[in-house]
Amino acid sequence: MAAASLANNKLTTHVRTLPSDDLVGVKQTIADQLRKKGAQVKIIDEKFVLGDLPSWRAEGPDIARKDYSSFRAKYDIDKLVVVNYYMVGMTRSYSAYFPTSTPRATVSGIGYMVNLADNKYDWYEPLAVSRAAEGEWDEPPNFPGLTNAYFQAIEMAKDNLTKPFK
Amino acid sequence: MTSRKRRIHAAGILCTALAGSGFAAADPADGSARSAPLIALQVPANAMVNYRGAPNLNTGVGSTAAMLYPAPNAAAALAALLTHGIMNSIGQRKEAERAQTEADKVLEPFASAINFHSNDQLYRDASSHLNAANLKVVASSDLAAERWLVTGEPVVWMAQDKSALYLDLPVQVFSPGGRGDPVYGNGIRVVSEPLAFDGKDAFWSDNDGARLKSVSARLFAEAVQIAVDAAMTPYPEDTSMHRTVRFPQGKAERIERSQVIRANCERTLLRTLRGGLLSVPTPREFAEALPKSHSSCQRAPM
């Protein structure tokens, strides 16, 4: 792990300068799409920790494990759409001390819609987007190929999350 | 600035404004006679046009196979590590070569046309899309010392779904009489306009590959025009203006983080993060944002 971190130090430094604002805008895009379909939408800025929610009383297909019912009363809503990003950046596979792939731009996360009447998922979309640089990747200090792949991955992630609402 | 340089600069500005209509001239500021830049295109030494299949670079994420070399001591362990590293590098290189070989198979139905498409023919066909009066195709740089010289060997790529071509031109431009260092050098890529591809190989192969050759010539002409424009009037570079641009490439959509240099109803010119120039069909969002006077422009059929 330490060897991998050291070997990719320059890339790590560069990636930390890249913006990810476009992913924040996904919330607004989904809201706009839902409004076009006639839904009344509230954008919730509150962040919550999934682990802090109580467990749901039942298990079964398409049933969320956590109890989201508290959102129903708090915001006066029927359904809750959640977009959660686990990671935005670069990944690289290693075998022992040696890389087995070039670095790849990666966006991972999940999007889902919970029906608050029965705690079932109306929509569930795991997000795992990965893009390689076109051509050479190792071009410090600005790594243009990987940077381009980074923004491509962000666009693809946005598409995956918003397409079901179009 | 000398009067000669001022004339060239004035001609370059009008070249940019009239991009797509061939090399043009402007009245120079010092009142001297109007003169259009004389251009020579040097045909590459390689006789045939280089066609390649565009590989898909995003099909795998690499192997995470464990190292399998038992090592009884530190020296052996180090040797095992180095071997493992070398094997991994060789493996990745072989994988890239294999991917390109596989991608080139998309061209097999068109081999009879491609194998006899010479660079000389490509250059001469491209000349018809440029101002032929100012253009001369030459085999050697010695034959056009009084002209601006454009050199570079194009590569034509076919998308795997066969719905688009794009052309790469690593170009150098030399000033008249100056055959030492180029005054301009860059990588230029031109993506074809959306084509009415019907999914059949005959779209490209009919009439001895006439459409394949004509589209390639149009792309090459566009690349040459861009190179000459850029050599005469360098495009400003502003990294603060980078944005993510989506554009059509055949039936697919491509995404490029870039700086928009110019856009009209047909084509948009981008500067990529590597500093190369990328000419693409104008995205719909750009076309809709153009002034109403542009909206009646018709895309030139390819």
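**Figure 1. In this predicted model, the side chain of Arg271(B) reaches the backbone oxygen of Tyr235(B) at 2.9 Å.** Right next door in sequence, Pro236(B) joins in: its backbone oxygen lies 3.2 Å from a polar atom of the Arg271(B) side chain. Arg271(B) sits in strand β10 of chain B, and with a relative accessibility of 8% it counts as buried. Leaving aside neighbours within four places in sequence, Arg271(B) also touches Glu237(B), Ser258(B), Gln259(B), Ile261(B), Gly276(B) and Leu277(B), on top of Tyr235(B) and Pro236(B).

**Figure 2. Strand β10(B), residues 267–272, is covered on both faces.** Side chains in a regular strand alternate between the two faces of the sheet. Here, one side carries Arg267(B), Leu269(B) and Arg271(B), while Thr268(B), Leu270(B) and Thr272(B) take the other. How many of the strand's residues are buried? The count is 6 of 6, so whichever face you pick, its residues are buried, being under 20% relative accessible area.

**Figure 3. β10(B) pairs with β9(B) and with β11(B).** Strand β9(B), residues 252–263, runs antiparallel to β10(B), and 5 bridges join the two. To find this pairing in the view, look for Ala263(B), whose bridge partner in β10(B) is Thr268(B). These two strands make a hairpin with 3 residues between them. Strand β11(B), residues 277–281, also pairs with β10(B) in the antiparallel sense, again over 5 bridges. In that pairing a leucine faces a leucine: Leu270(B) stands opposite Leu278(B). β10(B) and β11(B) form a hairpin as well, with 4 residues between them, and Gly275(B) in the turn has a positive phi of about 90 degrees.

**Figure 4. Helix α4(A), residues 26–36, has its buried residues on the same side.** Which residues of α4(A) are buried? They are Val26(A), Ile30(A), Ala31(A), Gln33(A) and Leu34(A). Because they cover an arc of only 165 degrees around the axis, they end up on the same side of the helix. The buried residues of α4(A) pack against three elements of chain A, namely α3 (21–24), β1 (79–91) and α6 (144–162). Just after the helix comes Gly38(A), with a positive phi of about 100 degrees.

**Figure 5. Chain A has a cis peptide bond and some unusual-looking loop residues to check out.** The cis bond joins Pro140(A) and Pro141(A), with omega at about 5 degrees. Pro141(A) lies in the loop between β5 (120–132) and α6 of chain A. Phe143(A) belongs to the loop between β5 and α6 too; it isn't a glycine, but its phi is positive, about 40 degrees. At 2% relative accessibility, Phe143(A) counts as buried. Asn119(A) is another non-glycine with a positive phi, this one about 60 degrees. Asn119(A) is found in the loop between β4 (104–115) and β5 of chain A, and its relative accessibility of 1% makes it buried.

**Figure 6. Confidence varies along chain B.** The chain averages a pLDDT of 78, and 73% of its residues score at least 70. Over residues 1–34 of chain B, pLDDT stays under 50, though the model has 61 contacts for them beyond four places in sequence. Residues 298–302 of chain B are also below 50, and that stretch has 17 contacts in the model beyond near neighbours in sequence. For the complex, the predictor gives an ipTM of 0.86 and a pTM of 0.80.

Key: Residues numbered from 1 in each chain as written. Chains lettered and ligands numbered in written order. Predicted model: local features only at pLDDT ≥ 70, side-chain atom pairs only at ≥ 80, totals over all residues. Heavy atoms only, no water. Buried < 20%, exposed > 50% of the residue type's maximum accessible area, 1.4 Å probe, protein only. Pairing = 2+ DSSP bridges. Arc of directions from axis to C-beta. Contact = heavy atoms within 4.5 Å. Polar contact = N/O pair within 3.5 Å; in protein donor to acceptor, adjacent residues only side chain to side chain. pLDDT = per-residue confidence, 0-100.
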